[in-house]
Amino acid sequence: MLNDLPEWRALAAHKKIIEPLHMRDMFAQDPQRFDKFNITCGDMLCDYSKHRITPETIALLTALARARNVEEQRDRMMAGDKINQTENRAVLHTALRAPRDATILADGHNIVPMIHQTLEKMADFAQAIHDGNHKGYSGKPIRHIVNIGIGGSDLGPRMVYKALKPFHKKDVSVRFVSNVDAADINAALQDFPADQTLFLVASKTFTTQETMTNAHTARQWLIGELGNEQAVGAHFAALSTNAQAVKEFGIAPDMMFGFDDWVGGRYSLWSAIGLSIALGCGFDVFRALLDGAHAMDRHFRTAPLEKNMPVMAGLLGVWYRNFWDAESYAILPYAQDLALLPLWLQQLDMESNGKSVTRGGAAVSHATGSVVFGQPGTNGQHAFYQLIHQGTSLIPCDFIGVRDSAWNHDEHHRILNAHMIAQSQALMEGNLSTQTDNNPHRAFAGNKPSTTIIIPRLDAYHLGMILALYEHKIFVQGAIWDINSFDQWGVELGKTLAAQILSGKDTARDSSTAALIRVLLG
């Protein structure tokens with residue numbers, strides 16, 4: 001078992017030694033601490049000096065990573081081995097970002113040419129929309145896009161589109177629908193003219209209940225507005241692998257953008273699922289997103305563990321989750337355009353590593369997964385920072401800062417970044433009782449860990465780097481914990497039970513469930 005490894009026991013013993021130490025003193029005793037504990041990838045900086053670590057901590061954590069064969073597992077994933085053993089699938093989202101001349105095999109076939117064929121089709125379609133050459137049923141150009149999906153088919157492209165607001169095409173607007181609550185689809189359709197609206201139905205199987213319910217509602221709305229069922233072909237595109245179901249819906253084959261089963265839902269924004277990004281921002285922006293992610297992929301694949309940004313992020317996550325009992329961590333982007341990043345990361349982390357059995361099916365003997373939450377700064381400072389600073393739980397924080405703003409308001413940006421720097425300093429230092437007139441209510445213990453990630457500007461390339469960093473961080477943690485980070489069986493039971501309830505079949509149920517069915521469903 002994991003906690004029987006000598007590397008694990010060494011970390012447990014080390015934690016007892018380091019626990020009394022305060023980071024305030026560590027910085028005072030070592031003026032070079034920042035230089036020792038930062039990593040760069042291109043022009044992206046990761047400062048992890050404000051953590052409860054010493055050089056020995058890093059040596060012990062990397063020893064654990066080597067004992068768990070993290071490098072070998074990484075190489076197997078990127079080579080196309082079927083590491084998702086419960087679904088017998090490869091995990092090749094990194095291939096979606098690969099350059100045209102790469103060779104990556106899945107089931108013995110080089111998949112890179114197929115990936116770039118899809119990218120070329122996406123580029124051509126985006127150009128046709130932007131040039132006004134793709135016309136709707138009545139001959140008008142498409143100016144409004146509605147992406148219908150859920151989970152990774154919604155969170156990823158929605159988050160990226162919002163994050164890249166300065167790059168939005170001025171003559172194309174994009175909205176996203178995910179919730180099966182009718183309020184969501186009705187809000188998306190409001191004030192969009194049907195004859196200039198295109199729907200993207202994003203569902204790998206084209207059977208996802210929430211997505212298809214919304215898609216059929218959109219279809220009925222379109223036909224009602226335009227008066228002819230033939231309009232569907234000009235106003236719907238499918239991001240799917242189920243050609244037959246797409247055809248039955250009324251979508252032509254040339255309006256279907258496919259991807260393979262080795263593209264997991266929460267890793268799918270890099271695939272055809274990202275078409276809404278290409279339509280809303282331009283294909284060159286989408287290509288830059290892929291290039292940034294590929295730069296982080298290269299770094300993850302080639303940098304030594306001690307200077308590997310995703311590896312170090314993952315190891316620090318294990319350090320706090322397993323040895324300090326930190327059940328959650330906060331993601332704190334100091335950029336309003338990254339407001340949806342915490343939501344995207346919630347799915348990525350909690351769906352990937354919220355597991356209680358090992359790859360072999362045995363119960364785990366250690367904690368896995370974390371609760372992820374966050375808001376953009378400075379809003380979060382007036383919400384939950386109080387608990388992080390003075391509460392009883394240890395909550396590691398990731399700050400994400402941007403050096404140069406796209407919005408040409410320098411004073412706003414200076415204030416924003418000053419607040420981010422101050423928060424990381426306050427979490428680390430706290431304050432001494434002599435600074436608070438011995439008032440315990442005003443005392444901050446400090447010694448609260450945080451990482452600060454800095455990018456020069458929030459553009460597609462650097463956003464791609466950030467997203468790939470967190471993808472690989474989560475992989476590292478799953479590799480150490482010996483869990484499958486790429487399935488999600490925990491979401492299936494609720495779907496099955498909902499289908500039974502909707503079917504109206506007589507089934508033995510507990511009194512609470514039966515009563516709720518009577519009250520809500522009649």
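## Close-ups of a predicted model

**View 1. K495 and E492 sit three residues apart in helix α19 (residues 492–503), about one turn of the helix.** Helices here are DSSP runs of H or I with at least four residues, strands are E runs of at least two, and both are numbered from the N terminus. This is a predicted model, where local features need pLDDT of at least 70 and side-chain atom pairs count only at pLDDT 80 or more, while totals for chains, interfaces and linings use all residues. Residues are numbered from 1 along each chain as its sequence is written, and side-chain values use heavy atoms, with hydrogens and water left out. K495 and E492 pair up through their side chains in a salt bridge, 4.0 Å from N to O; the term asks for a side-chain nitrogen of Lys or Arg within 4 Å of a carboxyl oxygen of Asp or Glu. K495 has a relative accessible area of 47%, so it is partly exposed, and E492, with 32%, is partly exposed too. (Buried is under 20% relative accessible area, exposed is over 50% and partly exposed lies in between, using a 1.4 Å probe and protein chains only.) Elsewhere, E87, R89 and D261 are joined into one network by salt bridges that share partners.

**View 2. K36 and D30 form a salt bridge between their side chains.** The N-to-O distance is 2.8 Å. K36 counts as partly exposed because its relative accessibility is 43%, whereas D30, at 18%, counts as buried. R457 and D459 make another salt bridge, with their closest N and O atoms 3.3 Å apart. R457 is at 37% relative accessibility and therefore partly exposed; D459 is at 15%, so it counts as buried. Over the structure, the salt bridges come to 23.

**View 3. F125 and F257 are one aromatic pair in a structure that has 18 of them.** Their ring centres are 5.5 Å apart and the planes make an angle of 50 degrees, so the pair is tilted. For the record, rings of Phe, Tyr and Trp (its six-membered ring) pair if their centres lie within 6.5 Å, and planes under 30 degrees apart are stacked, over 60 edge-to-face and the rest tilted. F125 belongs to helix α6 (residues 112–131) and F257 to strand β9 (residues 256–257), so this pair links distant parts of the chain, 132 residues apart. F125 and F257 are both buried.

**View 4. F300 and F475 meet edge-to-face.** The centres are 6.2 Å apart, with 85 degrees between the planes. Since F300 is in helix α13 (residues 283–302) and F475 in helix α18 (residues 460–481), the pair ties together parts 175 residues apart in sequence. F300 is buried at 0% relative accessible area, and F475 is buried at 4%. R74 also shows up, over the face of F300 and 5.8 Å from the ring centre. A charge counts as over a ring when NZ of Lys or CZ of Arg is within 6 Å of the ring centre and within 35 degrees of the ring normal.

**View 5. W8, W319, Y320, F323 and W324 are linked into a cluster by ring pairs.** K15 joins the scene with its charged end over the ring of W324, 4.8 Å from the centre.

**View 6. H299 is a buried residue of helix α13.** Its relative accessible area is 11%. A polar atom of the H299 side chain lies 2.9 Å from the backbone nitrogen of M309. Leaving aside residues up to four places away in sequence, H299 touches I39, T40, C41, K307, N308, M309 and P310, where contact means heavy atoms within 4.5 Å.

**View 7. G377 and T378 are joined by a cis peptide bond.** Omega is about 10 degrees, and T378 is in the loop between β11 (371–373) and α16 (385–390). Most residues other than glycine have a negative phi, and most peptide bonds are trans. N88 has a positive phi near 55 degrees; it is in the loop between α5 (70–79) and β3 (105–106) and counts as exposed at 52% relative accessibility. N408 also has a positive phi near 55 degrees, in the loop between β12 (397–404) and α17 (410–429), and counts as exposed at 67%.

Definitions and conventions. A polar contact is a pair of N or O atoms within 3.5 Å; within protein, one must be able to donate a hydrogen and the other to accept it, and residues adjacent in sequence count only if both atoms are side-chain atoms.
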